[in-house]
Amino acid sequence: MVLSDRTIKEELAKGRIVIDPLSQDDIQPASVDLRLDRKLLVFTHSRRPHIDVKKGLDDLTEIIEIDDETPFILHPGEFVLGSTLEHIELPDDLVARLEGKSSLGRIGLVIHSTAGFVDPGWKGHLTLELSNLARLPITLYYGMKIGQISYLRLTTPADRLYGSDGLGSKYQGQTEPTASRFSQEFPGPQTLPLPLGEG
């Protein structure tokens, strides 16, 4: 069940949903508008011939900041990571979906490729996957409306919240765009799981 604006306001008032900062004008009929923060994580040219998912990305990315007046220019085919201006928190019985703004999608700006799902227990700023599918560059301004978040209620509260011990939550508490930590998914040779029925 998707939460309506009335229920979103009720959950905000109880402190079960946290969106900070928040303007009442950002609450839509079944979602809340989110804004672009100042920092962007851009991919730099590297001597590496490819991105190896088993290795970290520290030497492939750098943080830049958008100032108050000058936009960042996202060129056709370019991909950068941004972040929501808002700090977001979810309770144990809600998940959220992050979606792009329709008006921005109509000019070719995609705000996420795959990372639109927010788990119960999440706390932090959401990382945005920004891509330009248009043939012309697109300007990105600090504080512009960039996406919207909607909420869905679970059948029961989750037993293991995002960030719980042992869950391997790699992005809990992030405050700026965070590069992929997928390399942490690869265990050492002795810890690979055995096929079913063995061991």
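## Salt bridges, rings and sheets

Reader: Quick one to start: is K39 buried or partly exposed?

Author: K39 counts as partly exposed, because its relative accessibility comes out at 28%. Keep in mind that this is a predicted model.

Reader: And which side chain does K39 meet in a salt bridge?

Author: That would be E176, with 2.9 Å from N to O. K39 sits in strand β3 while E176 belongs to the segment after β14, so the salt bridge ties together parts of the chain 137 residues apart in sequence.

Reader: What about E176, buried or partly exposed?

Author: E176 is partly exposed, at a relative accessible area of 28%.

Reader: OK, how many salt bridges does the structure hold?

Author: There are 11. One of them joins the side chains of R153 and E11, with N and O 3.1 Å apart.

Reader: Where do R153 and E11 lie?

Author: R153 is in strand β14, and E11 is in helix α1, which covers residues 5–14. The pair therefore ties together parts that are 142 residues apart in sequence.

Reader: Is E11 buried or exposed there?

Author: Buried: its relative accessible area is 5%. R153, by contrast, counts as partly exposed, at 30% relative accessibility.

Reader: What does D26 form a salt bridge with?

Author: With R35, and the closest N and O atoms are 2.9 Å apart. D26 is buried, since its relative accessible area is 3%. R35 is partly exposed, with 23%.

Reader: Which residues are linked in a network with D26 and R35?

Author: D33, K101 and K145 are linked with D26 and R35 in a network of salt bridges.

Reader: Changing topic: how many aromatic pairs does a search of the whole structure find?

Author: It finds 2. One pairs F43 with F79, with ring centres 5.8 Å apart and planes at 40°.

Reader: Why is that pair of F43 and F79 called tilted?

Author: The F43 and F79 planes stand at 40°, and planes under 30 degrees apart would count as stacked, over 60 as edge-to-face, so this angle is tilted.

Reader: Where in the chain are F43 and F79?

Author: F43 is in strand β3, residues 39–43, and F79 is in strand β6. They are 36 residues apart, so to speak two distant parts of the chain linked by the rings. Strand β6 itself runs over residues 79–83.

Reader: Are those two rings buried or partly exposed?

Author: F43 is partly exposed, at a relative accessible area of 33%. F79 is partly exposed as well, at 32%.

Reader: What kind of surface patch do F43 and F79 help make?

Author: A nonpolar one of about 260 Å², made by F43, I51 and F79.

Reader: And how do W122 and Y162 sit as an aromatic pair?

Author: They are tilted, at 5.5 Å centre to centre with 50° between the planes. W122 is in the loop between β10 (117–118) and β11, and Y162 is in the segment after β14 (145–153), 40 residues along the chain from W122.

Reader: W122 and Y162: buried or exposed?

Author: Both W122 and Y162 are buried.

Reader: While we're on rings, what sits over the ring of Y142?

Author: The charged end of R38 does, 3.8 Å from the ring centre.

Reader: Now sheets. What order do the strands take in the open sheet of 4 strands?

Author: The order is β2-β14-β8-β10, with antiparallel pairing. The edge strands are β2 (32–35) and β10, each pairing on one side only.

Reader: How many bridges hold β2 and β14 together?

Author: There are 4, in the antiparallel sense. One example is V32, whose bridge partner in β14 is I149.

Reader: And the open sheet of 3 strands, what order is that?

Author: That one goes β1-β7-β11, again antiparallel in its pairing. Its edge strands are β1 (18–20) and β11 (123–124), and each pairs on one side only.

Reader: Last one: how many bridges join β7 to β11?

Author: It's 2, with β7 (residues 87–89) and β11 running antiparallel. I88 has G124 as its bridge partner in β11.

Technical notes. Residues numbered from 1 in each chain as written. Predicted model: local features only at pLDDT ≥ 70, side-chain atom pairs only at ≥ 80, totals over all residues. Heavy atoms only, no water. Patch = residues over 30% accessible without salt bridge, like charges linked within 9 Å, V, L, I, M, F, W, Y side chains within 5 Å. Areas by Shrake-Rupley, 256 points an atom, 1.4 Å probe, with all protein chains shown as cover. Salt bridge = Lys/Arg side-chain N within 4 Å of Asp/Glu carboxyl O. Pairing = 2+ DSSP bridges. Phe/Tyr/Trp six-rings, centres within 6.5 Å; stacked < 30°, edge-to-face > 60°. Buried < 20%, exposed > 50% of the residue type's maximum accessible area, 1.4 Å probe, protein only. Lys NZ or Arg CZ within 6 Å of the ring centre and 35° of its normal.
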